[in-house]
Amino acid sequence: MPQSEFAGVVAMVTGAGQGIGAAVVRALVAEGAVVAAVDRNAGSLAGLAEESTAVHPYVLDVADSQAVDTAVELMEDQLGPIGVLVNVAGILRTGLAVELSDEDWSETFAVNTSGVFHASRAAGRRMAARGRGAVVTVGSNAAGVPRAGMAAYAASKAAAAMFTRCLGLELARSGVRCNVVSPGSTDTEMQRALWGEDPEAAERRVIDGDLEAWRVGIPIGRIAAPADIAEAVLFLASDRARHITMHDLYVDGGATLRA
Ligand SMILES: NC(=O)c1ccc[n+]([C@@H]2O[C@H](COP(=O)([O-])OP(=O)(O)OC[C@H]3O[C@@H](n4cnc5c(N)ncnc54)[C@H](O)[C@@H]3O)[C@@H](O)[C@H]2O)c1
């Protein structure tokens, strides 16, 4: 079997502790990458690091600009040049737009938007200087279609997606590609936290649609597995996507009708 192009490549993944981030880490490790796994949850990172010696945990909050800069410098000293950055860390605060607190709004943007900015700036400037690299930001399909109760989240993800695409434009001539993967409902703790008392009925509503909430459902008829999202991330990070940049790939089973 030919060696994977990711063999020995240093990949930084934020939000690595669980869910989609952990699936991205496992997929990269399976391809031979060395992963700088970032999360603010030390416990879940430690569990992931036990799975493979290729996983190197860095406990930090991506909302903290200084902490991100320091950690990226340390990663490059310890592991080598970062070839791939995957921004996955994110939080979801739900609530009607007119009732959101200042904290819900600012914390959502601090992680989902500024966190992407901090990590992409630190890794992107190093990649550009070396003339090579790939950034993939995990956004959300809520960035492309209005969702009731998700105004702060959707707006923060739309901002992160456009930031990533502008970065892609600025770094294109430096050999750095920047793309977005926008998942729909994916089976993780973040998703299950929305399901409440009767998870089976809630899952059915997500798949079948809920006109009360102005949602049409998922045409493909299933909730995504975290590995489905990781697959798209690895493709965009790989040389198979060498002519793709500034793209926003929806992986949502058709839930937004790609409108
Ligand atoms: N699950 C879904 O249905 C879904 C849908 C669309 C988009 N997304 C996006 O995918 C990404 C991953 O979601 P998930 O479902 O795996 O979520 P999750 O809540 O299961 O995991 C998120 C991880 O990010 C970490 N994290 C959160 N804030 C952080 C911070 N400030 N600094 C460092 N780490 C932080 C958490 O500790 C956790 O390990 C998020 O950006 C989310 O918005 C998820």
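The legends below describe three close-up views of a predicted model.

**View 1. An aromatic pair between helices α4 and α5.**
Two aromatic pairs are counted in the model. One of them joins Phe-117 and Phe-163, whose rings are arranged edge-to-face, with 5.6 Å from centre to centre and 90 degrees between the planes. Phe-117 belongs to helix α4 (residues 102-130) and Phe-163 to helix α5 (residues 151-171), so that the pair, with its members 46 residues apart, links distant parts of the chain. Phe-117 is classed as partly exposed because its relative accessibility is 32%, a value that falls between the limits of 20% for buried and 50% for exposed. Phe-163 is likewise partly exposed, its relative accessible area being 25%.

**View 2. An arginine over a tyrosine ring.**
The side chain of Arg-258 is placed over the face of Tyr-250. The distance to the ring centre is 3.6 Å.

**View 3. The crossing of helices α3 and α4.**
Two packed helices are described by the distance between their axes and the angle between them. Helix α3 (residues 65-79) and helix α4 have axes that come within 8 Å and cross at roughly 35 degrees. This crossing of α3 and α4 is right-handed. On the α3 side, the contact is made by Ser-65, Val-68, Asp-69, Val-72, Glu-73 and Glu-76. Helix α4 contributes His-118, Ala-119, Arg-121, Ala-122, Ala-123, Arg-126 and Arg-130. Sorted by class, the residues in the contact of α3 with α4 comprise six charged, five nonpolar and two polar.

Terms used: Residues are numbered from 1 along each chain as its sequence is written. This is a predicted model: local features need pLDDT of at least 70, side-chain atom pairs count only at pLDDT 80 or more; totals for chains, interfaces and linings use all residues. Side-chain values use heavy atoms; hydrogens and water are left out. Rings of Phe, Tyr and Trp (its six-membered ring) pair if their centres lie within 6.5 Å; planes under 30 degrees apart count as stacked, over 60 as edge-to-face and the rest as tilted. Helices (H or I, at least four residues) and strands (E, at least two) are DSSP runs, numbered from the N terminus. Buried means under 20% relative accessible area, exposed over 50%, partly exposed in between (1.4 Å probe, protein chains only). A charge sits over a ring if NZ of Lys or CZ of Arg is within 6 Å of the ring centre and within 35 degrees of the ring normal. Axes are lines fitted to C-alpha atoms, for helices over the stretch in contact, and angles run from 0 to 180 degrees between N-to-C directions. A crossing is left-handed if the near helix is turned anticlockwise from the far one by less than a right angle, and right-handed if clockwise. Contact means heavy atoms within 4.5 Å. Ala, Val, Leu, Ile, Met, Phe, Trp, Tyr, Cys and Pro count as nonpolar, Asp, Glu, Lys and Arg as charged, and the others, Gly among them, as polar.
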